[in-house]
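Let's take a walk through this model together, a stop at a time. Have the sequence and the 3D view ready, and turn the view as you read.

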Amino acid sequence: MTYQPLRLRYAFPTDRLAADPDAPGAAGFALGVALPAAAVLMEWIAGFCADVFFDPLPDWPHLLLAAAVPGVNFLLWRAARGIAPPPHWLPFLGGAALAVAAAYAVLFLPLLPIAFIGVLLFGLGLLPFGPLSALVLGWRWIAVLDRDAPGAPRCAGFGFAAGLLLLLAVELPAAVAALAVGWAEEGSAGEARGARWVRETGAEGALLAFARGGEGRAPGLFAFAATAWTNGPFDRRPEADRDVARRLYFRATGVPWNRADDAAPAARRGWFWDEDQGGQRVGGRVPGLSLASSRFDGSVSPANNLAYIQWTAAFTNAADRASEARLQLALPEGAVVSRATLWVNGEPREGSVAGRGEARRAYQGVVSVQRDPLLVTTAGAGRVLVQAFPVPAKGEIKLRLGITAPLSVAPDGARSLALPQFAERNFAVPDEARHAVWVEAGARRWREDIADVALLRRRPRLLLGPAVPSSRAAALPADGARPALATTQALRRVPADRSPL
């Protein structure tokens, strides 16, 4: 038995308009072609659905798939109207368009009652009906083709399956990113799982869309379906999803989400407003703000298994208005910021320690009167948020952080110290910029100029010899009502605790 490829042969009447009064006319064109095309165009330009529901067109592949639906429907409308004999592959292409229209129509169903009320009361709200009308009329026009070429619906069925596979391929990264963000909210184990899935499926771009998104909504169809099942279709969660996605992106890729974020679209149009100034988030890139210099100076006491690093940095502002420099600094394991210094009028001014709320209120008050504050606060495990204002227009600001960190001890006794790195930042780092490193560890010296990308990707570590058993004591004298304090540090090798958790 031999099989012949499916190839439709048309006996097509050229006078269908006269012979078939049910041939599609202007109304069919308006509902099956013009309305879906208008829905795609308006959503891409204005983002009405993305603002209140979910983002149906998060990237160019989604836009091309959605725009292909009215395009294919136009060809079906012409064929069903009898204007020209259609190509034999048109039913297959029509089936693929039906798959895309069906996916959008299903997800837009919750909006249709609201849209219908809007049509009745205000004459608005037709756009959410675009996918449904494209689906219904596209199938009707394929059925018309079946009169002249039996087998058109079967050919369209193969196209429908192919369209679903194509849509799945386009949607897979966004769906993985949505699931990974949900896992990351469950804790460290879920975050590790999500980062691994993002790397293995190549979903970094979709995760970056989550991180950049102002409202934390799911980008794409399947991603929305995955999150709506647990969070509800109208769950915006502007803080949770966005912040988790930004942290997860750094863990999955090793680079800050806003490192790849060029000047914002508003800045490219000639205006920009830094909505995160004085707040508690790093936010996106501020045009004109860049790192001018960065230097790590430190000393290590192998006997005490302790290191002290000073990070000195300067920021320049090429814009015509003052800006705030913000960054999240990933610290070495167990490290704390023990000192903060800001240069004001060329003179170093030391910072003081205060409660988190008190310090932030003082910082915001100083920012409002355009004075020179520096604020360093905790930002999760192993991170601090650094904010410096103002970086004057056409000027520079300089700061220094003192970081005290214990040495990391591996199971074999080897000790190491990782350098701090940018987990997030709102400023550019020029390609030619280098982080100067000068660290002393007894008789050893570590001196190197490290590119920013190398600092992010490699997370350089200072390696020292194995720890040896030791014991050291220190004391603090009595001070007023506070009694004297004594402390003893003992370093010894002990068997690992293998008891079950």
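## Loops, bridges and a pair of helices

Start with Asn305, which sits in the loop between strand S1 (289-301) and strand S2 (306-317). Keep in mind that you're looking at a predicted model. Asn305 isn't a glycine, yet it has a positive phi of about 55°. Is Asn305 buried or exposed? Its relative accessibility is 10%, so Asn305 counts as buried, given that buried means under 20%.

Now hop over to Lys394, in the loop between S7 and strand S8 (395-406). Lys394 is another residue other than glycine with a positive phi, here near 60°. Lys394 has 59% relative accessibility and therefore counts as exposed, the cut-off for that being over 50%.

While you're in this area, look at strand S7 (residues 383-391), where you'll find Pro390. The peptide bond leading from Phe389 to Pro390 is cis, and its omega is near -10°.

Next up are the salt bridges. Side chains of opposite charge can pair when their charged atoms come close. How many salt bridges does the structure hold? There are 9 salt bridges in the structure. Here are some of them, with the N to O distance for each pair:

| Acidic partner | Basic partner | N to O distance |
|---|---|---|
| Asp297 | Arg295 | 2.8 Å |
| Asp320 | Lys394 | 3.4 Å |
| Glu324 | Arg326 | 2.7 Å |

Lys394 turns up again here, with its side chain meeting that of Asp320 in a salt bridge. Asp320 lies in the loop between S2 and strand S3 (323-330), while Lys394 is in the loop between S7 and S8, so this pair ties together parts that are 74 residues apart in sequence. Both Asp320 and Lys394 are exposed.

What about Glu324 and Arg326, which also form a salt bridge? Glu324 counts as buried because its relative accessibility is 0%. Arg326 is buried too, with a relative accessible area of 0%. Elsewhere, salt bridges that share partners link Glu191, Arg247 and Arg251 into one network.

The bridge between Asp297 and Arg295 brings in the in-between class. Asp297 has 24% relative accessibility, so it counts as partly exposed. Arg295 also counts as partly exposed, at 36% relative accessibility.

Now for the helices. The axes of H2 and helix H4 (residues 60-81) come within 9 Å of each other and cross at roughly 165°. How do H2 and H4 run, roughly parallel or roughly antiparallel? Angles over 145 degrees count as roughly antiparallel, and H2 and H4 are therefore roughly antiparallel to each other. The crossing where H2 passes H4 is left-handed.

Finally, take a look at the surface. Leu41, Trp44, Ile45 and Trp60 make up a nonpolar patch there, and together they have about 480 Å² of accessible area. Which helix gives the most to this patch? Helix H2 (residues 26-46) does, with 3 residues. Trp44 is a patch member that lies in helix H2. With 35% relative accessibility, Trp44 counts as partly exposed.

Terms used
Residues are numbered from 1 along each chain as its sequence is written. This is a predicted model: local features need pLDDT of at least 70, side-chain atom pairs count only at pLDDT 80 or more; totals for chains, interfaces and linings use all residues. Side-chain values use heavy atoms; hydrogens and water are left out. Patches are made of residues with over 30% relative accessible area and no salt bridge: like charges are joined within 9 Å, nonpolar side chains (Val, Leu, Ile, Met, Phe, Trp, Tyr) within 5 Å. Accessible areas come from the Shrake-Rupley method with a 1.4 Å probe; for residues, only the protein chains shown count as cover. A salt bridge is a side-chain nitrogen of Lys or Arg within 4 Å of a carboxyl oxygen of Asp or Glu. Helices (H or I, at least four residues) and strands (E, at least two) are DSSP runs, numbered from the N terminus. Buried means under 20% relative accessible area, exposed over 50%, partly exposed in between (1.4 Å probe, protein chains only). Axes are lines fitted to C-alpha atoms, for helices over the stretch in contact, and angles run from 0 to 180 degrees between N-to-C directions. Angles under 35 degrees count as roughly parallel, over 145 as roughly antiparallel, 65 to 115 as roughly perpendicular and the rest as oblique. A crossing is left-handed if the near helix is turned anticlockwise from the far one by less than a right angle, and right-handed if clockwise.
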